[in-house]
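These are my notebook entries from an afternoon of looking things up in one structure. Come along and follow them with the viewer open.

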Amino acid sequence: MTGELGFTPHLRVEPVPGEAVYLVSEHGVTALHGRAIAALAPLLDGSRDLAHILTEAAAPAGAAGPPGAVPAGQAERVIARLRAAGLVSERDHAWTPEEAYWELAGLHTAGGSAPAPAPQPTRPAVAPLVLGSADPGEVVRALRAAGLRIADLRTVDGKATDGDPTDGDPTASGAFSHRREICQIAPRQHDDAELTLVVCDDYLDPRLATVDAAHRAAGRRWLPVKPVGTQAWLGPFLGAPDDPCWVCLADRLWRGRQAEAYLQRRLGRPGPVPRPPASLPASRAAALQLAALEAAKWLAGHRHPGQRELRTLDSLTATVDRHPLSRRPQCPGCGDPALVAARIRAPLALPSPREPLTETGTETSPRRIMERYGHLVDPVTGLVTEIRRDPRGPAVLNCFHARHPSYAGAGPQSGLDAVRAGLRAAAHGKGRTAEQARASALCEALEHYSGHFQGDEPRQRACYRDLHPDDAVHPDTVQLFDPRQFRDTALPARHRIHDPFDEGAELDWTPVWSLTAERHRLLPTALLYYGAPQPPRHRCCRADSNGTAAGGTLADAVVRGFLELVERDAVALWWYNRTRQPAVALDAFDDPWLAEVRAAHRGLRREVWALDLTTDFGIPVVAALSRRLDKPAEDITLGFGAHFDRHTALCHALAELNQMLPAVVEARADGGGYGTAEPESLRWFRTATLADHPYLTPDPGAVPPRGISRPPEGGALASVGEVVRQRGMELLVLDQTRPDVGLPVAKVLVPGMRPHWARFAPGRLFDVPVALGRLPGPTPYADLNPIPFFL
């Protein structure tokens, strides 16, 4: 050891005699106590080496010496501990503010010495790559200001401009005074560069795919920056084999720009819409200087989680936000695009047919859900842009909305109407608590995302008549449209499809797993995934959410999906046949939350009641209803729930009822104030009354069926399979779990079970009410409820 020793350059030393030696930095204040440190502190000023410090510290106390003599052995031990703690380091030159910065960043050497400036030829090199409107001169000046060496700068004609400071200084030679566009980068283009700074106008510039692929192949990192616009973008660092790639990033960004994607498809152009550059010299400089600083920290070895995130610098509000990015395991750029197809083609893997319900399990607890999937909520890189509480109505309603315009209307055949609807899309959460409702909104949004066609689903092209009946399920047994409905143009869009199913038309088919037959069956892809392409004049399938559910495990999701089928089947049987049903006695349950909900509705001048809709499946289904009492329009709202436990079914129904309430809490007697623009809902709220719809009221002479009053002892999944088999039906499951999400999502189908929308083909809708004794005979088609269910 030959260098002088001193406190590290980021520390201010302030001794207080008789008390302590205080070390002050932006990280806080450290107090060092003891006679030894009091004696050594004045000597650790960077002007003495260890030998001189030990000699002077051991000298007897004197007027001009340290506060007291410290034996050499003790002094050496104290100094060693200070060096190990990063408080003292060795120097052989005058320390600079730059070295103080790196000390604050924790980048001192292993021996406790601050890093000395590297000679120019050995300093880390950055290769700037400019795509778009940025001035290369500005880019190079920012990098030089950060003390970085420039490797080279390639222009559109392929010529490389040397970045050596002696002949590449833009302020001296003007070599970078003209704006240029660099198109491609070879895998070994920047032989002496350790990092490439890519300056672009848009992160969706398709040329970035080439940049990323080349860097990943060469094992080199690159850092994107967008210095234009009121909001500059920086990062993440890309190029590492195990990190997300640009294709992962682009997938997330495009999902938030679907209107623009639609426009580009209509114009037949790739990439984003070119925008006029908008920036100020100060805003550009801020973005480029921040990018240069990030590059310098990276090359110095500083690592932090933010380097894996996209950061946005808002020049209008002077705020910086961080946006997480995760690798997509199925990404065609850095993952395995066959993952989804392989999972679906494999036999469905469920842990056990006797899997217990996880209603209160840790996997589905709201806190656990938000911990595992909350990173998917982000306005820039998220699958969900935001989750917000609905401010309308009392807090006990616990209504939350998860905005997800990132994928609605994303299908290749989507039109402008679909894009407009997608921009307004939201998932809605409900629950007994705000925490439950927030998690519920997130899960529903991710469930929607998982059900959208993305192109990696397994498909085979065939017409139904060429498939073996044991291999294919006729879509009419699932959709259940009556032929007369195709001629009814008055039906709202959600209740009809364009074309009847043509058994001779070639369609895409996707395998689903039959839990009943323990084999794969085929259904049209467009019936299983939102936005799946269909041939012109053969748009005969309509994917919907019926039977789709998320869960803590796939088995749990299957159970939840089936319970939704049971619920909606029961609603259809009641609604379209308009049968009077038994009341559910709300006072029979000792549940404070139920009392709180009823009190909240009374405070809004409403009354609440519940009906039992349980069908031949024996699984309790409850309808909860509420109406306004103080004006002519009764604003009747409904909610439903199905569960093996009747009390849980009632709670689910009331939570869904609360979910509908914000749309009517501000409704006025003059017909205004409704919080919805949907024509079907508005017409119902403004015109429906109990007098005109007596089936909404309980049948005073009816008694709820016994059904199942508690979760089945044999396990929920086993019970589901059994009740389906007992009725000669088939339980089909499609695993819609997406690898980039991880939330188990199942789409459950039981051909013959009725959705709650207007589907009037022969079957359970007409037969079961008669079998249950609700009606003396099947309801004639013309006498079915003319109001299509609108939820």
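**Entry 1: a parallel pair.** I started with β7 and strand β8 (residues 149-150), which pair in the parallel sense over two bridges. This is a predicted model, so I read every entry below in that light. I looked up one of the partners: alanine 125 is bridged to arginine 149 in β8. Then I asked how many residues of strand β7 (residues 125-131) are buried. Seven of the seven are, so the strand is largely enclosed by the rest of the structure. I also sorted its side chains by direction. Ala125, Ala127, Leu129 and Leu131 point one way from β7, while Val126, Pro128 and Val130 point the other way, and all are buried. In a regular strand the side chains do alternate between the two faces of the sheet.

**Entry 2: a three-stranded sheet.** Next I went to an open sheet of three strands, in the order β2-β3-β4, with antiparallel pairing. Its edge strands, β2 (12-16) and β4 (28-32), each pair on one side only. On average, neighbouring strands here are turned by 25 degrees against each other, direction ignored. I counted along one seam too: strand β3 (residues 20-25) is joined to β4 by five bridges, and the two run antiparallel. For anyone who wants a spot to zoom in on, tyrosine 22 has alanine 31 as its bridge partner in β4.

**Entry 3: rings.** I then turned to the aromatic side chains, where the count comes to 22 aromatic pairs. I picked out phenylalanine 237 and tryptophan 298, a stacked pair at 4.5 Å centre to centre with 15 degrees between the planes. Why does this pair tie together separate parts? Phenylalanine 237 lies in the loop between β13 (231-234) and α8 (246-255) and tryptophan 298 in helix α10 (residues 281-300), so the linked parts are 61 residues apart in sequence. Both phenylalanine 237 and tryptophan 298 are buried.

My second pick was tyrosine 576 with phenylalanine 760, an edge-to-face pair at 5.2 Å centre to centre and 75 degrees between the planes. This one links distant parts of the chain, 184 residues apart: tyrosine 576 is in helix α17 (residues 554-577), and phenylalanine 760 is in the loop between β27 (745-749) and α22 (764-771). Tyrosine 576 and phenylalanine 760 are both buried.

I also found a cluster linked by ring pairs: Trp574, Trp575, Phe640, Tyr674, Trp684, Phe685, Tyr695, Phe789 and Phe790.

**Entry 4: charges over rings.** Back at tryptophan 298, I found the charged end of arginine 303 over the ring, 3.5 Å from its centre. Arginine 257 lies over the face of tryptophan 254, at 5.8 Å from the ring centre.

**Entry 5: the largest nonpolar core.** I asked which residues have the most contacts inside the largest nonpolar core. They are Phe562, Trp574, Trp575, Trp684 and Leu696, in a core of 67 residues. Elements that give two or more residues to this core include α17, β23 (606-612), β24 (621-628), β25 (637-642) and α20 (679-687). The largest share, 15 residues, comes from α17. Where does the core sit relative to the domains? Domain 4 (460-561 + 714-783) and domain 5 (580-696) both give residues to the core, so it lies between them.

**Entry 6: backbone oddities.** My last search was for unusual backbone geometry, since most residues other than glycine have a negative phi, and most peptide bonds are trans. Glycine 235 and proline 236 are joined by a cis peptide bond, with omega about 0 degrees. Proline 236 is found in the loop between β13 and α8.

Two residues with positive phi went into the notes as well. Glutamate 518 has a phi of about 55 degrees although it is not a glycine, and this residue lies in the loop between β20 (506-514) and β21 (519-524). Aspartate 635, also not a glycine, has a positive phi of about 50 degrees and is placed in the loop between β24 and β25. Are they buried or exposed? Glutamate 518 is exposed, with a relative accessible area of 62%, whereas aspartate 635 is buried at 0% relative accessibility.

Technical notes: Residues numbered from 1 in each chain as written. Predicted model: local features only at pLDDT ≥ 70, side-chain atom pairs only at ≥ 80, totals over all residues. Heavy atoms only, no water. Pairing = 2+ DSSP bridges. Helix = DSSP H or I, 4+ residues; strand = E, 2+ residues; numbered from the N terminus. Axes fitted to C-alpha atoms, helices over the stretch in contact; angles between N-to-C directions. Phe/Tyr/Trp six-rings, centres within 6.5 Å; stacked < 30°, edge-to-face > 60°. Buried < 20%, exposed > 50% of the residue type's maximum accessible area, 1.4 Å probe, protein only. Lys NZ or Arg CZ within 6 Å of the ring centre and 35° of its normal. Core = buried A, V, L, I, M, F, W, Y, C linked by side-chain atoms within 4.5 Å. Domains from an automatic or database assignment.
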